[in-house]
Amino acid sequence: MLPRKRFAGEELGGASKKSYIKDTKEEREEATLVAMSSNGSPSEMDIDEDLHSRQLAVYGRETMRRLFRANVFISGLQGLGVEIAKNVILAGVKSVVLHDTRSVDLWDLGGNFYLSDADIGKNRAVACINKLQELNTAVSVRVYTSEITLDFLANFQAVVFTNSSLEQAITYNNFCHSQTPPIAFIKADIHGLFGSVFCDFGPEFKVLDVDGEDPHTGIVASISNDNPALVSCVDDERLEFQDGDLVVFSEVHGMSELNDGKPRKVKNCRAYSFCLEEDTSSFGAYEKGGIVTQVKQTKILNFKSLSEALKSPGDFLLSDFSKFDRPPLLHLAFQALDIYQREFGSLPAPDSDKDAKGFIDIARRLNANSGENKLDTIDESVLKHFARGARSVLNPMAAMFGGIVGQEVVKACSGKFHPLFQHYLQFFYFDSLESLPVDQLKEQNLTQSNNRYGAQVSVFGHQIQEKMADAKVLVVGAGALGCEFLKNLALMGVASSSKGKLIITDDDVIEKSNLSRQFLFRDWNIGQAKSTVAAAAATAINPNFNVHALQNRVSPETEMVFDDEFWENIDIVINALDNVNARLYVDSRCVYFQKPLLESGTLGTKCNTQVVIPHLTENYGASRDPPEKQAPMCTVHSFPHNIHHCLTWARSEFEGLLEKAPTEANTFLSKPEEYKASMRSSGDAQSRESLERVVECLVTEKCVTFEDCILWARKRFEDYFSNRVRQLIYSFPEDSRTSTGALFWSAPKRFPRPLDFTSQDPSFISFIASAAILRAETYNINIPDWATNPRRLAEVLDRIELPPFQPRQGVKIVTDEKATNLTTPASDESTIIDQLIKSLDNEICNLPPGFQMNPIHFEKDDDANFHMDFITGLANMRARNYGIPEVDKLKAKFIAGRIIPAIATSTALATGLVCLELYKVFAKHGVEKYRNSFANLSLPLFSMAEPVPPKVFKHGNQSWSVWDRWIISENLSLSELLQWFQAKGLKAYSISCGQSMLYNNIFPKHKDRLNRKVLDLAKEISKLEIPPTRHHFDIVVACEDDERNDVDVPLVSICF
């Protein structure tokens, strides 16, 4: 279920309005004070962590609690307004009031995804409320259809206007700016391919967290007694400090004066060192240890009112440096459009040169009177396009700006992240004129259409609309990105004709955690196939949307589903995936079949998009991020120095104890004789380890009762957190030195301390409870009602006596950071294996007939299954051993569960940007028109650039790229194939098919294959199986030129 429903209001007006605004100023002050309190006073508010886990990973609990107290007002429910409302409601504010005084018309159906033909003539806000309320029943969603009064605005922490005139906006803004505390004011507008946002959060707005990143840390290696002091850190990780940052020190030995918790300013920051703006010459001499941590600083922003900012806008935030002169022109254009509407009573018509000229004349007149803000030149072609699209609300623009504005609302209500305010810049302007068709749009092609796509046709013309309607599109993934894409594509009219078809595929099912951002799903859809539910919801948005749902993963294993014929019938592919390997595979298919690919991804407030066009741009796989740095195995297992190491170890132990060991035991129980024979045959350390796990499960640590499980858990505690630590410090005492004479326990190593178990420590009891319950599950033992009762558990634990620790001699503890295996081979593996098998033979007869264990597969999103309780307990006890700060279960869940932070706003922004590129694909633009993009809504930062062209390879008078494939239209012999390459001036020295080598000139026996057909060799050697519908196969050929330089040649396809 979703969280408890607060209140789903009806239309506000008349008497209800009066009751709604009682004690407005006092209530708003109280709400704001609670919302912005740094000590998290609204702790009584329960956060549904199952629902909001991905959002919590971005915002944290305190920000979520501030949002829970926020009341938001949104005026204007065309495409932009409903996008903002969707994102704000999914974020989880206290209430949203929707305002609109206008009725639904046919063009609204192309921008607002919650309107249908049946809603035409109804009030826009009234028509949307029920579906918006379904997004999050914990948010009170109400409608207000009367004229706005200033007293009414006093109810809210943030107000958003999307269809107001400048005169109205200035009035509302002046009121909001003057309140105590101020009311955050946002004005946002989109007209065709142009958009603007203005923010004013008051004269003194406090930003509690500028970027949302965790404080940067470093491990101290040395500190000088100087003025300024030089601090050097270990080269484990690069420092991320910047000059002017404040830092605090802890755990410094010798120079203990730095451990006073006082923030200190740093300068001269380098990769592994920095200077303190402090004289440490009189401090004690540094000995060892020390952690330095960045102090996140609050920031006060002094916003100007709208009337002030219009007169003096300052510099503008650029998104595309190829358009550095565009924002000042758009600043002028949006003001001119307001004047035009005031003078003529309507916006310019899309097919009227007269209206466009009138608008340009107003812009010129306004510019002439702009004083120091006057532009030297005005690009009339831009203004003409602005006028033609003035009446149009395009879905991709609404999605993009809905994400931006939705995030600004969150910032206003929580103080989390930096608002749209750079050097007193409070405006953001954007256009995507390059999305327009290259050819000049003809007048008759822009005539207004009396259908749901009319707004889009008025900008792009009928021809582009028809191309989109007839398109055959594959969308891979039906998660957060996939839901947004389906909504956008349905509104745009993609695949909406009898010729068109959109296929969406996803093999996943809906979970509760999806509902906070995958907005096409509802709580009653949990457990159903994502693609099926998403397709049905998208069809409700546009009944003409020809969408088909599949439940297949696009991968090498499903190439019988996604075969050659399938790919050849696709026009364009849109990825909505969440992992790199899947993206790389789809990318490889698009390269092979020469299909355009639109790629995007999100990470918290960040998002990126990439356009992949055959022969014009590089493919997705052409450039990759460097792999994440992995901690050495010895660090994770014996020398952790941060909580990530502890959680990595804990997750590994969970899988080893509760999944791998029971699975190995079941393998033995299923076919004991075959298993034993296999272990004897292998006779290595890995086989011995596998057998030890089986013996531990079925013999030495076998559990029959729940009390046995408690005893097992207590032994595990003693082993993990006491005995192993005692053995480690016995092998390496605190004063140990390395072969070079340096202290062994020097940074980044942390000297551990064993834990002494006591039943009075709640964290110890919690660990025992979760461990015992999970152990019982693996044996299918009934779990008693008292399993989580601390008192009853303590009684059982207090009766357990364990033998004291005895150090072992000759124990080898791996310290080599390059080691990839911590298992130490024994000198007599076969003897040990025989002994283990004998112990199994003696015990197997005592097991019940058909006995099987129950392996537990890790599931992070079920808070009632004790998985994260066990992992959190393991990690925190280990952290306590090493003096590492512990974490709560939620933070542990983010790290151990490898949860990708995700919010609705960045998803909406990414998909909007991608769909702007989709217009260009249908218009068949050149590479200079496309844009790859990166955005970070927390800063905010928007960066767009032309895609990189593919790398071109040249040999002689030939050239090719990754997009090329050499096709041989006859079934050649191997000798004929070598001659074919020789004719190109290339010597083929190695030929392979799949994973098998068909030919290599260094192997004499391969010469015997020269007269055989390459197809026959592929079938025999590579075991090639060719589907009946395919009449070619592929080979990879390694070549060199006459000077023996390697030459990368394209993939070769041989037809038969």
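This briefing describes the fold of one protein and then several local features in it. The model is predicted. The protein has 1056 residues and a radius of gyration of 33 Å, which agrees with the value near 31 Å for a compact globule of that length. It contains 32 helices and 32 strands.

**Overall build**

- Taken along the principal axes, the C-alpha atoms fill a box of roughly 95 × 85 × 65 Å.
- Of the 1056 residues, 56% are buried.
- Among contacts with a separation of 6 or more, 74% are between residues 24 or more positions apart.

**The annotated active site**

- An unreviewed UniProt entry carries the annotation "active site" for Cys634.
- Cys634 is located in helix α20, which spans residues 633–638.
- Cys634 counts as buried because its relative accessibility is 3%, and the cut-off for buried is under 20%.
- Apart from neighbours within four places in sequence, Cys634 is in contact with Phe639, Val814, Thr815, Asp816, Glu817 and Leu822.

**The annotated C-terminal domain**

- The unreviewed UniProt entry gives residues 930–1052 the annotation "domain: Ubiquitin-activating enzyme E1 C-terminal".
- This span, 930–1052, is 14% helix and 37% strand.
- The C-alpha atoms at the two ends of residues 930–1052 are 30 Å apart.

**Helix α31 and its surroundings**

- Helix α31 covers residues 974–982 and includes Trp980.
- The buried residues of α31 include Leu974, Leu977, Leu978 and Phe981.
- Viewed down the axis of α31, the buried residues fall within an arc of 100 degrees, so they line one face of the helix.
- An α-helix has 3.6 residues a turn, so residues three or four places apart point the same way.
- The cover over the buried residues of α31 includes the strands β27, β28 (987–993), β29 (996–1000), β30 (1032–1040) and β32 (1051–1055), together with helix α32 (1014–1021).

**Aromatic pairs and charges over rings**

- The whole structure holds 56 aromatic pairs.
- One of them joins Trp966 and Trp980 edge-to-face, with 6.0 Å centre to centre and 65 degrees between the planes.
- Trp966 belongs to strand β27 (residues 965–968) and Trp980 to helix α31, so their pairing ties together parts that are 14 residues apart in sequence.
- Trp966 is buried, at a relative accessible area of 12%, whereas Trp980 is partly exposed, at 26% relative accessibility.
- Trp966 also has a charged neighbour: Lys984 lies over the face of its ring, 4.6 Å from the ring centre.
- Elsewhere, Lys749 lies over the face of Phe744, at 4.9 Å from the ring centre.

**Helix α22**

- Helix α22 spans residues 672–682, and its buried residues are Tyr675, Lys676 and Met679.
- Seen down the axis of α22, these residues fall within an arc of 95 degrees, so they line one face.
- The face of α22 turned away from the buried side carries the exposed residues Glu673, Glu674 and Ser681.
- Among the elements covering the buried residues of α22 are α21 (643–670), α23 (685–700) and α27 (829–844).
- Gly683, just after α22, has a positive phi of about 60 degrees.

**Cis peptide bonds**

- Asn227 and Pro228 are joined by a cis peptide bond, with omega about 0 degrees.
- Pro228 is in the loop between β9 (217–223) and β10 (229–233).
- A cis peptide bond also runs from Ala747 to Pro748, where omega is near 10 degrees.
- Pro748 is in the loop between α24 (706–731) and α25 (762–778).

**Positive phi outside glycine**

- Phe417 has a positive phi, near 80 degrees, although it is a residue other than glycine.
- Phe417 lies in the loop between α13 (395–414) and β16 (427–431), and it counts as buried at 1% relative accessibility.
- Ala495, also not a glycine, has a positive phi of about 55 degrees.
- Ala495 lies in the loop between α16 (480–492) and β18 (501–505), and it counts as buried at 0% relative accessibility.

How values were computed: Residues numbered from 1 in each chain as written. Predicted model: local features only at pLDDT ≥ 70, side-chain atom pairs only at ≥ 80, totals over all residues. Heavy atoms only, no water. Phe/Tyr/Trp six-rings, centres within 6.5 Å; stacked < 30°, edge-to-face > 60°. Helix = DSSP H or I, 4+ residues; strand = E, 2+ residues; numbered from the N terminus. Buried < 20%, exposed > 50% of the residue type's maximum accessible area, 1.4 Å probe, protein only. Lys NZ or Arg CZ within 6 Å of the ring centre and 35° of its normal. UniProt positions renumbered as here; feature names shortened; annotations may be inferred. Contact = heavy atoms within 4.5 Å. Arc of directions from axis to C-beta. Rg over C-alpha atoms; globule rule 2.2 N^0.38 Å.
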